[in-house]
Every structure is written in C-alpha cells, then in structure tokens.
Amino acid sequence: MEFRTGGNGSGGDQDGPNPRRGRKVYNRHTPQQIQRLEAFFKDCPHPDEAQRRQLGRELGLESRQIKFWFQNKRTQTKTQHERADNTALRAENERIQCENLAIREALKNVICPSCGGPPFGEEERQRNIEKLQLENAQLKEEHEKVSNLLAKYIGKPITQMHLLPPALGSSLDLSPGSFPSQETGGLSIPTVGPALGLELAPVDICNASVMYQFKGFPDMEKTLMTETAAGAMDELIRLVRINEPLWVKSATNEKYVLHHDSYERIFPKATHFKSSNARIESSKESVVVAMNGMQLVNMFLDPNKYVDLFPTIITKASTIQVLEAGLIGSRSGSLQLMYEQMHILSPLVAPREFYFLRYCQQIELGVWVIVDVSYDYSKDGQPNSSFRFWKLPSGCMIQDLPDGCSKITWVEHVEVDDKSLTHRLYRDLVSGSLAFGAERMVGTLQRMCERLAYLADENTPTRDLAGVISLPEGRRSIMKLGHRMVKDFCGVLSMSGKLDFPQLSEVDNSGVRVSVRKSTEPGQPGGLIVSAATSLWLPMQCQTIFDFIRDEKMRPQWDVLSSGNPVHEIAHIANGINPGNCTSIIRPFVPTENNMLMLQESCVEPLGGLVVYAPIDIPAINVAIRGEESGNIPILPSGFIVSGDGRSDSGAGCTSDGNIMGSGGSLLTVAFQVLVCGPAAPQQQLNMESVATVNTLISSTVQKIKIALNCSGLD
C-alpha cells in the first residue's frame, strides 16, 4: 500500500513531486566529451578561464561545467594517488614488522661464531673491551715512537696517522683494497713485494694518504654484491632469450616492449620508488656490429673506452672497485662496482646518474653476457638518495660471428622518477623509452664500431682538395681529434651551474641556458669559458634540418660570425657508410684570418643527427696532420643536435639505409662556447655584458635558421 502526505509537510517535499518546484537536472557527459576532457587533463590539470571557454565551445558545454569537471577530476586523482601510497606504505610496514619479529627470534638463539656455544656474558664482554683498550694504548705508544723516528729522519713532524703506510706485521689493514694498484692488461692487480720477506721501496709520505685512503668493502658486503650480480645475470639472460610472454610487439612501431604483468609474475620484486610519478622504461633491440666479441668485452670493462663507445650518451664513467678481475683471456667472472652519468640532447634533459654493478660471464664459446644492476652504494657514509633513476637488470648479450663481427642483443630496463625534471619539449621523447632506450644504445654502438673500423683501415675514403692530409697517421690523428671534440661538446650540455635567461622564451622555445666555468684542463683553452644553449621545436623533418646545417654552401645563412662570406671544405674524411658520418676541415670564412681553420664532425644518430665544429689555428692542426699526438690541442666546440620530438606521428629515428626519418616535428639544440678571458687575465666576475654577447650570438643564430627554413612565423 502506498501512503502520501499532503500540504507543506516534510514528507511531501522529499517523496512527492511538486510541479511548482522543478527537480535539479543532471546532465551526463558523452563518451566523446569525457575522452577530450581526459586528454586535456593529462597535459593541463589546471586550465585557465580562456582554456575552459575554448573547451566549452569545442564540446558544447558551459565554462562552469568544465570548471566543475576539472575540480572533481583533480580530487579523484589525488584520492587515487593517496590510496596507492597508503597501500604501498601498509605493505612496507607489514614487511618491516615481519623482519623485526624474525630478528628478535634470531637474537634469542644467537650463538658464538667461534665456538658455536652460547654468547658470553656481560662480565666477559667487559673484560674483552678492557683488553682491546689496552692493546689500543700500546699501539698508540708504538705509533708515537715510530712517528718521532720518522720526524728526525725527514726533518718535519708527522701529525696525521693516515699519512703513514701500514707496517707489515702490525694490526693495520692489509686487505687488497688498501694497497696501491697498477694497471696490467686492463686489470686492477694489487701490488705488494715478493712474499712477506720483501724490501719495500721508499714511500713518498706526502702521497701515502692518496695511496692508502681506500679501504675496500667488508666481506659481507662483497658477498651481497656477488649475489645481487648473479641474480641480475640470470634475469638478463632470460630477458634476452625469451620474447613472449615477457616481451610483446608494439602495435605502433613493431618494437618489443616489456609486458609488465608477465615480468612481475616471473620476477616479483618491490618497486624502488614509492612516488606516484614513478614509471618503468623498458626496451630491447638487436644489431650486428663490426667488432669481435672479445674486443667489445674489454672495452665495456674499461670505463674510458666505454665512454668512447657512447660519446653522445655516456658523459662520465669510472670504476670504483674491481671486485673480481675475471679469467685471463675471456674476462668471464669479472665484477666491478661502477659509476656513470648519462646525458643527451639538451640542457633541458636531466642527467641520469647510477652506481651499479657490472658483471661479465661467458656462458658459451664465443658468447658473453654483461649485466648492469643498480646498487645502493654509500659514498662517504651517506646513501645517494638524491638519485631518481634505478637500473633494473640491463645490459647485452654479445655473440661472435664467423666474419669477425658480433651480434648484440641489448636490454634497457630502468625505473624512473623524473616527471617534474623533464621539460615539456622532451617529455614525449624521454618518457617513450627513445632517448635512453636499447635502440639508441645499439645504434650508437653500431656507428662507433664502424667508425673504429674506418679509423684502422688504411684505405678509408678521403677527399683532400688542397693536399692537406698526405699521411695515414695524419688522417687517424684528425679523426681522433674530431672524436674528442664531440665528447667535449656533449659533456658541456649538462650545463652544471646553469643560469636561466628567458629572453628567448616563446611558445616553441625554452630560453637560453648559460653556464660559466674556469678551464684549466689539457685539451681546452685556459681561462673563463661561457657556454650557452637553447632548444626549440621546428615543424620540419630531422633530415632536412641536418642537411641544411652540415651543408657548407648553406653555412653563411646561419653562421653569424661568417658575415655572409662563403666557406670551403678543403679536406673530407669518411667515418662510415652514411655520407653524414664524416670529419671535415673547413677553410676560414673570414679572408683576413688566414691563420685559422675550422674542424667539423657530423654524424647520424638513431634519434637524429649531430654537427659539431671548433676553430683551430693552423700550427695546432698541423700537429695532427703530421700524425703526432693531438690530445693536448686546445679546442672549444660548438654545434647542433637535431632529433625527432618523440610524438607518435613524428617517427623519430633512422631508416634502414641510415637516413634520418621523421614525418612530424623536430627538436633542435644550439650550443655555443666562448672564451671570455685567458688565464693570464685578472680574475673577473661574469658581467651582464658577457652574457648579453653570448645571448645575442645564440638568438641571432636561431633566428637565421628559422628564416632560412621558412619557420620564422613560429614567433
């Protein structure tokens, strides 16, 4: 039975319709409207009034409805992130509680490691402490006597204990990590005298602190490192050899991408970053390179040669400690703790730093696997928590081929928490596993192996129009100088100590980044150097921009310093099959400066192309032309890097014939270096006039490029 109440009672207001008071109408958005709003929300969660009105016109909604939708969406997103963080924290809390209980139970059953009996009591522990204190006092007294004797011998007081080398037979550290080491065949071998009845060579007391300051790792930590590396090796071998279900082909570009659900089922592990912005980058690629497997293994295990193989990606690398040298001849079993810094393309892309274990294993005859996995290395006792990148088991399998080449299968697998660090211009390129992915690593490796083959070949094609290079040694020296120039150029793009000058800030521009440094290193001009760089988006293919910049006939159109004068290529050395890979010597563009030439190197990368150049005076370049050592020739490179923008319709990368492809837009980075004052000049602070000069130079170059490419309308 249905009951109704009349009049103005509360029941009538709630249950019965009132024709004089219409109900509130709720309108549901259509799927097309929601899809458009979701897409806009990803790029801009806080639209302004103009953007809301524009969306309203596109979708047929009021600006007020757009505003409420975005408010609700932000609240929903925040709630989802908080729920995910709470779940992760709850799981971590439960894990810590379980570990705490396990430790408490273990402490109840603790035994003495020496005799296997119960632990000694408080009284015995106190007696041991007193005994150690007595021994410590005796050692201090002994040290004081030895210090006094040495002070009489060398004529100056010895005030710091760490300056003394450890005495044989004493209780000081005699572990392998505490001895100086010498490089023998790429291996770090401890150097001690013949057996323990040796005569030690005289020790330089002033350098002893450098020789003995590194104490190595405890045995327990070395065991943990070995187990971590072994587990990473097993995982990488499976990632390399198995495609489905671990890897699936992308529907857009037919490239292999990691299937995360399958991966987590096979290799369950906790994520390193708890932030809701963390993401996983994964990729896999195979190529054939012109170098045999053993050569590649030796170069990968030498940090300097490793940087030489990836000059446009790896800016720094060092070996912190060699834990295992590996077998002589194959390097199988080699284990190293290493550091590397990766940086590419532009100052707008944050450098990636890793402390990682590198483990090499020969699994079959002619087949090696090298795995890298991040390790929590505490430098100076402080963990490097500022690193926002964590390398999951990554690396490569190297397989010898009968023709002296090698097949490389590369896997990159990294956990990243850098959403706030990546500029919008490069966000698609970096987030899409293109900038630091396997395809770029093997493409760069393939190009560098080809370059090394051309470097060693006596019959490398050389076009010498003026008879400049007549000796094979001279050609090789010029190629090495060009390689160092590219390394130095890529090294300055991280722009440490940068200053922002937004004078160039536009819709498709990033402003100018300026960095100042005092150079005292060999191979660079001494004095105060100002580096400036800017990046911009252009609606053109990479190949078009690359060809325009490297064409000597087009140079007067963009080179501000040429004053419109033509330049001429007087020597051309091929670095690979692709005509874009070459080293050139260019005659001065100012006729009055007859003592100056220009060295230029261009190369085609998997993401695009690179053109680097530096002025060199004739006496200096003659040193290289004669085939002499070119490592100390001062060069200050400037140049351009062009790449695809990483969007799905841009097709960033190279075609099978080595040409740069891209049907959408491109990203161009322009970087200049200027020597402000020499080392003999008085030290001065950087003034705004110097900054303005560099800013004018770089902005004028950008404007000239836009005009020449018919892109000036972007302003």
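Here are a few questions and answers about this predicted model.

Reader: How are helices H13 and H16 oriented to each other: roughly parallel, roughly perpendicular, roughly antiparallel or oblique?

Author: Let's start with the geometry: H13 (residues 472–492) and H16 (residues 618–625) pack with their axes 7 Å apart, at an angle of about 120°. Roughly perpendicular covers 65 to 115 degrees, and roughly antiparallel begins over 145. The pair fits neither range, so H13 and H16 are oblique.

Reader: Which kinds of residues make up the contact of H13 with H16, and how many are nonpolar?

Author: H13 brings Glu473, Gly474, Ser477 and Ile478, while H16 brings Ile621, Ala624 and Ile625. In this contact, 1 residue is charged, 2 are polar and the nonpolar ones number 4.

Reader: Where is the proline that follows a cis peptide bond?

Author: Most peptide bonds are trans. Here the bond from glutamate 244 to proline 245 is cis, with omega near 5°. Proline 245 lies in the loop between helix H7 (219–241) and strand E3 (247–249).

Reader: Is arginine 331 buried or exposed?

Author: Arginine 331 sits in the loop between strand E6 (314–324) and strand E7 (335–342). Its phi is near 65°, a positive value in a residue other than glycine. The relative accessible area of arginine 331 is 7%, and the cut-off for burial is under 20%, so arginine 331 is buried.

Reader: And asparagine 710, buried or exposed?

Author: Asparagine 710 also has a positive phi, near 60°, and is placed in the segment after helix H17 (688–708). Its relative accessibility is 70%, and a residue over 50% counts as exposed, so asparagine 710 is exposed.

Conventions:
Residues are numbered from 1 along each chain as its sequence is written. This is a predicted model: local features need pLDDT of at least 70, side-chain atom pairs count only at pLDDT 80 or more; totals for chains, interfaces and linings use all residues. Side-chain values use heavy atoms; hydrogens and water are left out. Axes are lines fitted to C-alpha atoms, for helices over the stretch in contact, and angles run from 0 to 180 degrees between N-to-C directions. Helices (H or I, at least four residues) and strands (E, at least two) are DSSP runs, numbered from the N terminus. Angles under 35 degrees count as roughly parallel, over 145 as roughly antiparallel, 65 to 115 as roughly perpendicular and the rest as oblique. Contact means heavy atoms within 4.5 Å. Ala, Val, Leu, Ile, Met, Phe, Trp, Tyr, Cys and Pro count as nonpolar, Asp, Glu, Lys and Arg as charged, and the others, Gly among them, as polar. Buried means under 20% relative accessible area, exposed over 50%, partly exposed in between (1.4 Å probe, protein chains only).
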